[in-house]
Amino acid sequence: MTKAIIINGGHTKFSRLTGVEQAIEQALAKAGATVETLAVHELPATDVLTANFKSVAIQQAVVKVGEADIVVLLTPIFKGAYSGILKAFLDLLPQKGLQNKTVIPAAIGGSIAHLLALQYALVPVASILGATSITQPIYIVDTQVEKLEAGGYQLDAEATERIEQVVFQAVPVNA
């Protein structure tokens with residue numbers, strides 16, 4: 001069975017990025033992959049920021065990435081680039097930590113103006129880390145994600161369709 005991990009480079013569970021994460025999780029599961037999420041902000045901050053490779057939490061997170069077939073790099077876009085917390089975590093991966101993996105770059109941003117941030121900032125890093133295959137990026141504008149009054153999130157149909165299209169191309173048939 002295909003293993004997928006979503007590396008969430010957001011700073012909280014209470015943002016629209018969580019809605020995108022949940023939609024990607026659902027699409028991966030629907031495609032037949034097992035899914036795990038790694039929320040970088042839940043790792044020990046000092047260990048992430050000081051690149052403490054001896055940290056047990058960091059070592060466990062790196063092993064989880066190593067075990068995955070598909071890695072989703074999920075981030076909010078800030079000032080035209082992916083989050084610093086995601087970059088700090090990616091710096092902890094081995095030089096070829098994404099080798100033999102399919103990477104799905106995904107982000108949410110305030111406007112369509114940041115659409116190319118994934119292509120020009122995150123895709124090159126995934127490539128340098130040895131990603132075997134990098135899918136078309138998934139970029140969601142935050143207005144496409146509604147926070148529901150009862151809790152949870154709802155993505156508009158177009159955003160959901162794009163997520164499913166990329167995920168179904170990434171997950172091997174009979175995963």
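**Figure 1. Salt bridge between Asp-91 and Lys-87 in the predicted model**. The side chains of Asp-91 and Lys-87 form a salt bridge in which the closest N and O atoms are 2.5 Å apart. Asp-91 is partly exposed, its relative accessible area being 43%. Lys-87 is likewise classed as partly exposed, at 32% relative accessibility. The pair is one of five salt bridges that the structure holds.

**Figure 2. Salt bridge between Lys-64 and Glu-36**. In this pair the closest N and O atoms lie 3.1 Å apart. Lys-64 belongs to helix H3, which covers residues 56–67, whereas Glu-36 belongs to strand E2, which covers residues 34–39; the contact therefore ties together parts that are 28 residues apart in sequence. Lys-64 has a relative accessible area of 35% and is partly exposed. Glu-36, with a value of 33%, is also partly exposed.

**Figure 3. Salt bridge between Arg-162 and Glu-158 within helix H6**. The side chains of Arg-162 and Glu-158 meet at an N to O distance of 2.6 Å. Both residues lie in helix H6 (residues 157–170), and because they are four residues apart, about one helical turn separates them. Arg-162 is partly exposed at 23% relative accessibility. The threshold for a buried residue is under 20% relative accessible area, so a value of 23% falls outside that class. Glu-158 is partly exposed as well, with a relative accessibility of 40%.

**Figure 4. Charged side chains across the chain**. The chain carries 12 positive and 15 negative charges, and the mean positions of these two groups are 8 Å apart. Side chains of opposite charge can pair when their charged atoms come close. Five salt bridges are present in the structure, among them the pair of Lys-64 with Glu-36 and the pair of Asp-91 with Lys-87.

**Figure 5. Fold and packing of the chain that frames the close-up views**. The chain contains six helices and nine strands. Its C-alpha trace spans about 45 × 35 × 30 Å along the principal axes. A compact globule of 175 residues would have a radius of gyration near 16 Å, and the 15 Å of the chain agrees with this value. Buried residues make up 48% of the 175 residues. Of the contacts with a separation of 6 or more, 79% are between residues 24 or more positions apart. The chain exposes about 8,700 Å², of which carbon and sulfur atoms supply 54%.

Conventions
Residues are numbered from 1 along each chain as its sequence is written. This is a predicted model: local features need pLDDT of at least 70, side-chain atom pairs count only at pLDDT 80 or more; totals for chains, interfaces and linings use all residues. Side-chain values use heavy atoms; hydrogens and water are left out. Helices (H or I, at least four residues) and strands (E, at least two) are DSSP runs, numbered from the N terminus. The radius of gyration is taken over C-alpha atoms; the globule rule is 2.2 Å times the number of residues to the power 0.38. Buried means under 20% relative accessible area, exposed over 50%, partly exposed in between (1.4 Å probe, protein chains only). Contact means heavy atoms within 4.5 Å. Accessible areas come from the Shrake-Rupley method with a 1.4 Å probe; for residues, only the protein chains shown count as cover. Lys and Arg count as positive and Asp and Glu as negative; His and the chain ends are not counted. The place of a charge is taken as NZ of Lys, CZ of Arg, CG of Asp or CD of Glu. A salt bridge is a side-chain nitrogen of Lys or Arg within 4 Å of a carboxyl oxygen of Asp or Glu.
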